[in-house]
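Q: I should like a close look at one part of this model, with attention to its side chains and to what lies around it. Please begin with a single residue and work outwards.

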Amino acid sequence: MKKSFSFTNKEIAKIFNEIAAAYQVKEDNQFKVAAYQKAAVSVEHATSEIKDLWDDNKLDQVPGIGKNIASYLDELFRTGKVKHFEEIKRDLPPAMFEFLKIPGVGPKTAYALATKLNIKSAKNAIERLKKAAKEGKVRVLENFGEKSEKDLLEGIISLEKGELKTKRMLLPYADNLASEIVNYLKNCPQVLQVHPLGSLRRMVATIGDIDLSVCTKSPEKVIDYFLKFKKIRTVLDKGKESLVRVILLSGQQIDLRLSLPESYGAMLQYFTGSKQHNIELREYALKKGMSLSEYGIRLINLPQKPLKKFADEESFYHELGLSWIPPEIREGRGEIEAAKSNSLPRLIDNKEIKGDLHLHSNFDIEPSHDLGASSPEEMIEEALRLKYEYLGFSEHNPSTSQHTEKQIIEILKRKSEFFEQIKYSIERVKKIPIKILNGLEIDIKPNGELALPEKAFDYLDYAIASVHTNFNLSREKMTQRVLRGLQHPKVKILGHPTGRLLEEREGYELDWELIFDFCLKNNKFLEISAWPNRLDLPDILVKDAIAKGVKVVINSDSHHVEQMKLMKYGVAVARRGWAESKDVLNSQPWEKISQIFNI
DNA sequence: GCCGTTTTCGGCCCGACTGTTTTCAGTCG
């Protein structure tokens with residue numbers, strides 16, 4: 001292996017952002033600035049470590065990284081630094097890059113502050129800037145004033161308090177909160193339509209702010225009605241007809257945007273984003289002589305540049321010669337191309353889900369992890385309500401530290417008998433049209449062995465293999481571990497494949513090409529766990545997997561009957577990964593499942 | 001500096017808001 005220096009994606013993104021800032025200060029080509037910013041975003045959002053891609057000679061797969069930046073990355077990984085970058089930053093005060101962390105401070109402002117206040121070194125730079133602002137030394141600088149000095153000070157204080165790192169909400173939490181307000185608004189007679197906007201409408205795994213839009217002919221009346229909502233604590237600003245911001249009792253900020261019916265479509269499209277989708281859409285439109293905005297479409301080749309309005313999104317996209325693009329895939333990942341050639345995927349729908357193969361009932365299996373809280377009967381009842389055709393119970397394996405092999409086999413035998421009885425009662429006696437599967441979720445030990453004696457497998461219909469311990473193995477070792485764990489013929493599913501916990505823990509690194517190939521050859525399925533802080537496999541990897549022909553299975557991982565309805569968030573992840581019904585195991589009929597599981 | 005079924009050269013998203021200014025520059029989403 002070649003000798004190399006390690007940099008995380010975050011560190012690389014920071015380097016690129018600093019180069020962009022440096023070029024901005026030097027008033028270099030603005031598109032070069034944009035190129036580095038784009039590269040930074042791309043690196044930050046990558047699902048693989050850039051270092052690993054470099055190792056595998058795959059840097060050209062990263063959008064926004066071309067020949068030049070790739071060569072700089074090569075130098076960075078080989079030598080630990082980039083001469084060209086050092087050159088660019090040489091005559092700039094290091095302190096200015098610290099100042100960029102302050103909200104409202106961009107490159108030009110940061111540079112002006114650092115040079116005019118003579119704060120050069122990065123050490124304690126922000127502290128020294130704060131002192132200068134407190135002493136009134138900022139307001140006297142050219143292009144600064146009392147207000148900007150005050151804003152600067154407030155910005156520094158909120159940075160110090162860590163207020164800027166506001167945690168993002170998990171999707172189901174934000175979705176519930178928004179639904180409550182949406183339902184409230186729908187009761188207002190002047191409200192014609194309500195939609196969530198932004199990341200919530202796109203069903204991203206975590207949500208920053210909740211934005212909602214209302215279509216109405218009388219915005220003032222809707223605003224009055226909205227402000228009577230019981231859970232509002234503070235009104236931040238109103239008076240405008242198009243926007244109200246409030247803080248709820250829970251501390252959550254809600255932005256409500258209002259639009260007249262004739263231009264609602266353009267507004268909805270604009271604020272749904274994503275930013276990347278909109279940028280690409282506008283670039284695409286420009287080539288057709290059209291300029292897009294939240295108000296509509298302007299024909300820029302005509303002298304008076306008339307604005308055409310759109311009442312709905314469908315007509316907006318059609319005007320551009322595109323089919324309507326579902327919000328979940330508006331991420332700038334090829335959807336515009338697909339819409340143009342009329343080849344958008346027919347995304348999997350909640351109604352197409354025919355079963356749930358990852359449930360933890362309260363059958364006492366003496367597990368190493370948590371036991372479920374609901375009985376199989378309760379879960380079966382809920383499954384019928386959800387119109388499922390089949391249901392798989394996969395409790396955690398019995399704890400290996402507290403049982404002998406013999407005891408574990410005994411417990412599995414008991415579980416099998418217990419579920420055979422349930423199957424008999426459901427299928428034969430009560431003649432309820434649902435198939436029950438007796439499964440298990442088994443730990444993959446660090447060496448890749450499964451935490452279950454071979455003989456115990458005889459008592460299972462199928463198994464899910466998951467990593468629950470020792471997350472910090474190298475990518476190679478983790479990949480070998482997972483591949484070994486998947487080898488057993490009874491193991492059909494890799495549970496929550498990256499092990500990430502949203503807002504808590506990064507997932508472990510795997511060599512996805514090897515995993516995908518293995519799944520494809522051996523008929524294994526990657527789980528999309530609908531569990532709120534997992535939503536794992538992540539959407540981008542779902543898209544990669546499906547492009548390779550690998551199939552996924554969407555499971556709720558319910559430990560309580562109430563959690564079974566969280567399935568829809570797993571479906572959202574699948575949709576964001578461009579999954580169609582054919583790509584999803586549990587949208588297949590029972591015959592197909594029984595064939596694949598050899599039951 | 002990136003990128004490509006209208007281009008390997010010549011393009012590169014759009015508008016709101018704010019503060020310091022008398023017409024704009026910087027920041028943000």
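Is Phe-271 buried or exposed, and what is its relative accessible area?

A: In this predicted model, Phe-271 is buried, because its relative accessible area is 18% and the limit for a buried residue is under 20%. Tyr-270, in contrast, is partly exposed, at a relative accessible area of 29%. These two residues also form an aromatic pair. A pair of aromatic rings is described by the distance of the centres and the angle of the planes. For Tyr-270 and Phe-271, the centres are 4.8 Å apart and the planes stand at 85°, so the arrangement is edge-to-face; an angle over 60 degrees is what that class requires. The count of aromatic pairs in the model comes to 20.

The chain then passes through an unusual peptide bond. Gly-273 and Ser-274 are joined in the cis form, with omega near -5°. Ser-274 belongs to the loop that lies between α13 (264-272) and α14. Helix α14 covers residues 275-286, and it brings the description to the nucleic acid.

Around DNA strand B there are 40 residues, and those that come nearest are Gly-66, Gly-106, Lys-147, Arg-282 and Glu-283. Of the atoms of DNA strand B that come within 4 Å of the protein, 72% belong to sugar and phosphate. The contribution of α14 to this surface is five residues, the largest share. Other elements that supply at least two residues each include α2 (30-45), α4 (67-79), α7 (107-116) and α9 (146-160), as well as strand β8 (290-293). In composition, the surface near DNA strand B holds 17 nonpolar, 13 polar and ten charged residues.

Several polar contacts to phosphate can be specified at the level of atoms. An N or O atom in the side chain of Lys-147 is 2.4 Å from a phosphate oxygen of DNA strand B. Backbone atoms take part as well: for Gly-104, a backbone N or O atom lies 2.7 Å from a phosphate oxygen of DNA strand B, and for Asn-143 a polar backbone atom is 3.4 Å from a phosphate oxygen of that strand.

Strand β8, which contributes to the surface near DNA strand B, also belongs to an open sheet of three strands. The order in that sheet is β8-β9-β10, and the pairing is antiparallel. Strands β8 and β10 (307-308) are the edge strands, each pairing on one side only. Strands of a sheet pair through backbone hydrogen bonds, either parallel or antiparallel. Between β8 and β9 there are four bridges, and the two strands make a hairpin with two residues between them. Within this pairing, Ser-293 stands opposite Gly-296 in β9. Strand β9 (residues 296-299) pairs in turn with β10 over two bridges in the antiparallel sense, where Arg-298 has Leu-307 as its bridge partner.

In a regular strand the side chains alternate between the two faces of the sheet. In β8, Met-290 and Leu-292 make up the covered face, while Ser-291 and Ser-293 make up the uncovered one.

Parallel pairing is found elsewhere in the model. Strand β11 (residues 355-359) and strand β12 (residues 390-396) pair in the parallel sense over three bridges, and Asp-356 stands opposite Leu-391. Strand β12 is mostly covered, with seven of its seven residues buried.

Further aromatic arrangements bear comparison with the starting pair. Phe-16, Tyr-23, Tyr-36, Tyr-72 and Phe-85 form one aromatic cluster. Charged ends also sit over rings: that of Arg-505 is 3.9 Å from the ring centre of Phe-471, and that of Lys-543 is 4.4 Å from the ring centre of Trp-578.

The backbone has other points of note. A second cis peptide bond joins Asp-536 and Leu-537, with omega about 20°, and Leu-537 lies in the loop between β16 (525-529) and α21 (539-547). Glu-27, in the loop between α1 (9-25) and α2, has a positive phi near 55° although it is not glycine; Glu-27 counts as exposed, at 60% relative accessibility. For Asn-124, phi is likewise near 55°. Asn-124 sits in the loop between α7 and α8 (125-134) and counts as partly exposed because its relative accessibility is 42%.

Terms used
Residues are numbered from 1 along each chain as its sequence is written. Chains are lettered from A and ligands numbered from 1 in the order in which they are written. This is a predicted model: local features need pLDDT of at least 70, side-chain atom pairs count only at pLDDT 80 or more; totals for chains, interfaces and linings use all residues. Side-chain values use heavy atoms; hydrogens and water are left out. A residue is near a molecule or strand if one of its heavy atoms lies within 4 Å of it. A polar contact is a pair of N or O atoms within 3.5 Å; within protein, one must be able to donate a hydrogen and the other to accept it, and residues adjacent in sequence count only if both atoms are side-chain atoms. Ala, Val, Leu, Ile, Met, Phe, Trp, Tyr, Cys and Pro count as nonpolar, Asp, Glu, Lys and Arg as charged, and the others, Gly among them, as polar. Two strands pair if DSSP finds at least two bridges between them. Rings of Phe, Tyr and Trp (its six-membered ring) pair if their centres lie within 6.5 Å; planes under 30 degrees apart count as stacked, over 60 as edge-to-face and the rest as tilted. Buried means under 20% relative accessible area, exposed over 50%, partly exposed in between (1.4 Å probe, protein chains only). A charge sits over a ring if NZ of Lys or CZ of Arg is within 6 Å of the ring centre and within 35 degrees of the ring normal.
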